[in-house]
Amino acid sequence: MAPRLWEVVGGADKGGLLVREGRAWASPEVPVRLTTGSVVEEVQIESQRLHYELREGAGPQRGWVTLKLPGKELLRPKGQRLEPAVNVLQAKFGSEAPYERPAVTPTRRVEIATFALG
């Protein structure tokens, strides 16, 4: 069986993913981050935590990372791509997906004047 590879897709805004020495959230942090775009090999998965070994990219050779945070994917299986939302809707509802373009509301300009009393 071929090893399962994961691609780092999150952490770009932080310089990469935080890596810990152990599975526990309280385990010591590794001083170097796992860079976005790196490819790692799965050693073990426990409770949304991935024990990995680095295959491509930069960062610690091994460690533990979080797979995802609420509303944010940090790693994904290599080769898996996100489908555009339109394709997902069409697959679920057919070619007539129940999508309506939001109405454009005009913006109002508000000016506030301040006065100094004295």
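This note sets out numbered points on a predicted model of a single chain.

1. Overall architecture. The secondary structure of the chain comprises 1 helix and 7 strands. Their order along the sequence is β-β-β-β-β-β-β-α. Several of the strand pairings are taken up in turn below.

2. Burial, contacts and surface. The chain has 118 residues, of which 26% are buried. Among contacts with a sequence separation of 6 or more, 47% involve residues 24 or more positions apart. The surface exposed by the chain amounts to about 9,100 Å². Carbon and sulfur atoms account for 54% of that exposed area.

3. Pairings of strand S1. Strand S1 spans residues 5–8 and is joined to S2 by 3 bridges in an antiparallel arrangement. Within this pairing, Leu5 has Glu41 of S2 as its bridge partner. S1 also pairs with strand S7, residues 75–77, again in the antiparallel sense and over 3 bridges. In that second pairing, Trp6 is positioned opposite Pro77 of S7. Strand S1 is thus a partner both of S2 and of S7.

4. The S2–S3 pairing. Strand S2 covers residues 39–46, and strand S3 covers residues 49–56. The two strands pair in the antiparallel sense through 7 bridges. One of the positions that can be inspected here is Glu42, whose bridge partner in S3 is Tyr52. The S2–S3 hairpin has 2 residues between its strands. The backbone at this turn is treated in the next point.

5. Backbone at the S2–S3 turn. Most residues other than glycine have a negative phi. Ser47 is a residue other than glycine with a positive phi, near 50 degrees. Gln48 likewise has a positive phi, near 60 degrees, and is not a glycine. Ser47 is located in the loop between S2 and S3, and Gln48 is placed in that loop as well. As to accessibility, Ser47 has a relative accessible area of 65% and is therefore exposed. Gln48, at 39% relative accessibility, is classed as partly exposed. A reviewer checking backbone torsions may wish to view these two residues in the context of the hairpin, where Ser47 carries its positive phi between the strands.

6. The S3–S4 pairing and its turn. S3 and S4 run antiparallel and are joined by 5 bridges. Across this pairing, His51 stands opposite Trp64 of S4. The hairpin formed by S3 and S4 has 5 residues between the strands. In this hairpin, Gly57 adopts a positive phi near 105 degrees.

7. Enclosure of strand S4. How many of the 5 residues of strand S4 are buried? Strand S4 occupies residues 62–66, and 4 of its 5 residues are buried, so the strand is largely enclosed by the rest of the structure. Burial here refers to a relative accessible area under 20%.

8. Trp25 in the S1–S2 loop. Trp25 is found in the loop between S1 and S2. Is this tryptophan buried or exposed? Its relative accessible area is 56%, so Trp25 is exposed, the threshold for that class being over 50%. When neighbours within four places in sequence are set aside, Trp25 makes contact with Arg20, Arg49 and Thr66. The C-alpha atoms of Trp25 and Trp64 lie 9.5 Å apart, with 39 residues separating the two along the chain. Trp64 is also the residue that faces His51 across the S3–S4 pairing.

9. Ala12 in the S1–S2 loop. Ala12 is also located in the loop between S1 and S2. With 62% relative accessibility, Ala12 is counted as exposed. The C-alpha atoms of Ala12 and Gly37 are separated by 9.0 Å, although the residues are 25 apart along the chain.

10. The largest pocket. The largest pocket holds about 270 Å³ of space. It is lined by 15 residues, and those closest to its centre are Leu17, Leu18, Arg33, Leu69 and Leu74. What is the make-up of the lining by class? The lining includes 6 nonpolar, 3 polar and 6 charged residues.

How values were computed: Residues are numbered from 1 along each chain as its sequence is written. This is a predicted model: local features need pLDDT of at least 70, side-chain atom pairs count only at pLDDT 80 or more; totals for chains, interfaces and linings use all residues. Side-chain values use heavy atoms; hydrogens and water are left out. On a 1 Å grid over the protein atoms alone, a cavity is a set of points where a 1.4 Å probe fits but cannot get out, and a pocket is an open set with protein on both sides within 12 Å along at least five of seven lines; lining residues have an atom within 4 Å of a point. Grid points are joined across faces, edges and corners, and a volume is the space filled by probe spheres set on the points. Ala, Val, Leu, Ile, Met, Phe, Trp, Tyr, Cys and Pro count as nonpolar, Asp, Glu, Lys and Arg as charged, and the others, Gly among them, as polar. Buried means under 20% relative accessible area, exposed over 50%, partly exposed in between (1.4 Å probe, protein chains only). Helices (H or I, at least four residues) and strands (E, at least two) are DSSP runs, numbered from the N terminus. Two strands pair if DSSP finds at least two bridges between them. Contact means heavy atoms within 4.5 Å. Accessible areas come from the Shrake-Rupley method with a 1.4 Å probe; for residues, only the protein chains shown count as cover.
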